Amino acid sequence: MAKLDASRASNEELRKANEDLRKDLQQLGERSTGERGPTIQTRAHPKPFSQAIMDVVIPASFITPNIVFTGVEDLEAHLTAFNAQMMISGGTNAMHCKMFMGTFIDTTL
């Protein structure tokens, strides 16, 4: 019974502390209304794929191609090797598009 009472007391202390924090946050929010801080420009990240490609799920059992392209190698040879490995692994065209981006590293990415 003593443990239950101690737990209830602890919970009540936490509830009061949370309520105090909520009040403080509300007061800060009310103070900051109307005040404008510096505007921060955010850079939009381009999305290289259509939504259909972005939404495709790569199964955990899918064998990913074990090749990389740094920009020094022959691009045509890289594409041929990638297509060969993807043909063996199977998958849809959307999967191929999504996986191809993963073969780039360094500046080519």
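When I say that two residues touch or are in contact, I mean heavy atoms within 4.5 Å. Keep that in mind for His 78. Setting aside residues up to four places away in sequence, His 78 touches Ile 67, Val 68, Phe 69, Phe 100, Thr 103 and Phe 104. We will come back to that residue. One caution before going on: this is a predicted model.

Let's start with the overall layout. The protein has 4 helices and 0 strands. Read from the N terminus, the elements run α-α-α-α. There are 109 residues in the protein, and buried residues make up 14% of them. Now take the contacts with a separation of 6 or more. Of those, 64% are between residues 24 or more positions apart.

Next, the helix pair. Which two helices come within 11 Å of each other, axis to axis? They are helix 3, residues 75-89, and helix 4, residues 93-101. Their axes cross at roughly 130°. That angle makes helix 3 oblique to helix 4. The crossing of helix 3 past helix 4 is right-handed.

Who makes the contact? On the helix 3 side, look for His 78, Leu 79, Phe 82 and Met 86. On the helix 4 side, look for Met 95, His 96, Met 99 and Phe 100. By class, this contact has 6 nonpolar residues, 2 polar ones and no charged ones.

Now the core. The largest nonpolar core has 10 residues. They are Val 56, Phe 62, Ile 67, Phe 69, Phe 82, Met 86, Met 95, Met 99, Phe 100 and Phe 104. Which elements give two or more residues to this core? Helix 3 and helix 4 do. The largest share, 3 residues, comes from helix 4.

Let's walk through some individual residues. In what follows, contact lists leave out neighbours up to four places away in sequence.

Met 86 first. Met 86 is one of the core residues. Its contacts are Phe 62, Pro 65, Met 95, His 96 and Met 99.

That brings us to His 96. His 96 sits in helix 4. Is His 96 buried or exposed? The relative accessible area of His 96 is 18%, so His 96 is buried; the cut-off for buried is under 20%. His 96 is in contact with Phe 82, Met 86, Gly 90 and Gly 91.

Now over to Phe 100, also found in helix 4. Phe 100 is in contact with His 78, Leu 79 and Phe 82. Phe 100 and Ile 67 are 33 residues apart along the chain. Their C-alpha atoms are separated by 9.8 Å.

So where is Ile 67? Ile 67 is in the loop between helix 2, residues 51-55, and helix 3. Ile 67 is buried, with a relative accessible area of 18%. It also belongs to the largest nonpolar core. Ile 67 touches His 78, Ala 81, Phe 82, Gln 85 and Thr 103. Another pair to find on the structure is Ile 67 and Gly 102. Those two are 35 residues apart in sequence. In space, they are 9.2 Å apart, C-alpha to C-alpha.

Back to His 78, as promised. His 78 lies in helix 3. Its relative accessible area is 5%, so His 78 is buried. You have already heard its contacts, among them Ile 67 from the loop and Phe 100 from helix 4.

Stay on helix 3 for Ala 84, which has its place there. What is the exposure class of Ala 84? Ala 84 is partly exposed, with a relative accessible area of 34%. Ala 84 and Pro 65 are 19 residues apart in sequence. Their C-alpha atoms are 9.2 Å apart in space.

Last stop: Asp 106. Asp 106 lies in the segment after helix 4. At 59% relative accessibility, Asp 106 counts as exposed. Look at its backbone. Phi of Asp 106 is near 55°, a positive value in a residue other than glycine. Why point that out? Most residues other than glycine have a negative phi.

To recap: helix 3 and helix 4 cross at roughly 130°. Both give two or more residues to the largest nonpolar core. His 78 and Phe 100 are both part of the contact between these helices. Ile 67, in the loop before helix 3, touches His 78.

Note on methods: Residues are numbered from 1 along each chain as its sequence is written. This is a predicted model: local features need pLDDT of at least 70, side-chain atom pairs count only at pLDDT 80 or more; totals for chains, interfaces and linings use all residues. Side-chain values use heavy atoms; hydrogens and water are left out. Axes are lines fitted to C-alpha atoms, for helices over the stretch in contact, and angles run from 0 to 180 degrees between N-to-C directions. Angles under 35 degrees count as roughly parallel, over 145 as roughly antiparallel, 65 to 115 as roughly perpendicular and the rest as oblique. A crossing is left-handed if the near helix is turned anticlockwise from the far one by less than a right angle, and right-handed if clockwise. Ala, Val, Leu, Ile, Met, Phe, Trp, Tyr, Cys and Pro count as nonpolar, Asp, Glu, Lys and Arg as charged, and the others, Gly among them, as polar. A nonpolar core is a set of buried Ala, Val, Leu, Ile, Met, Phe, Trp, Tyr and Cys residues joined through side-chain atoms within 4.5 Å. Buried means under 20% relative accessible area, exposed over 50%, partly exposed in between (1.4 Å probe, protein chains only).
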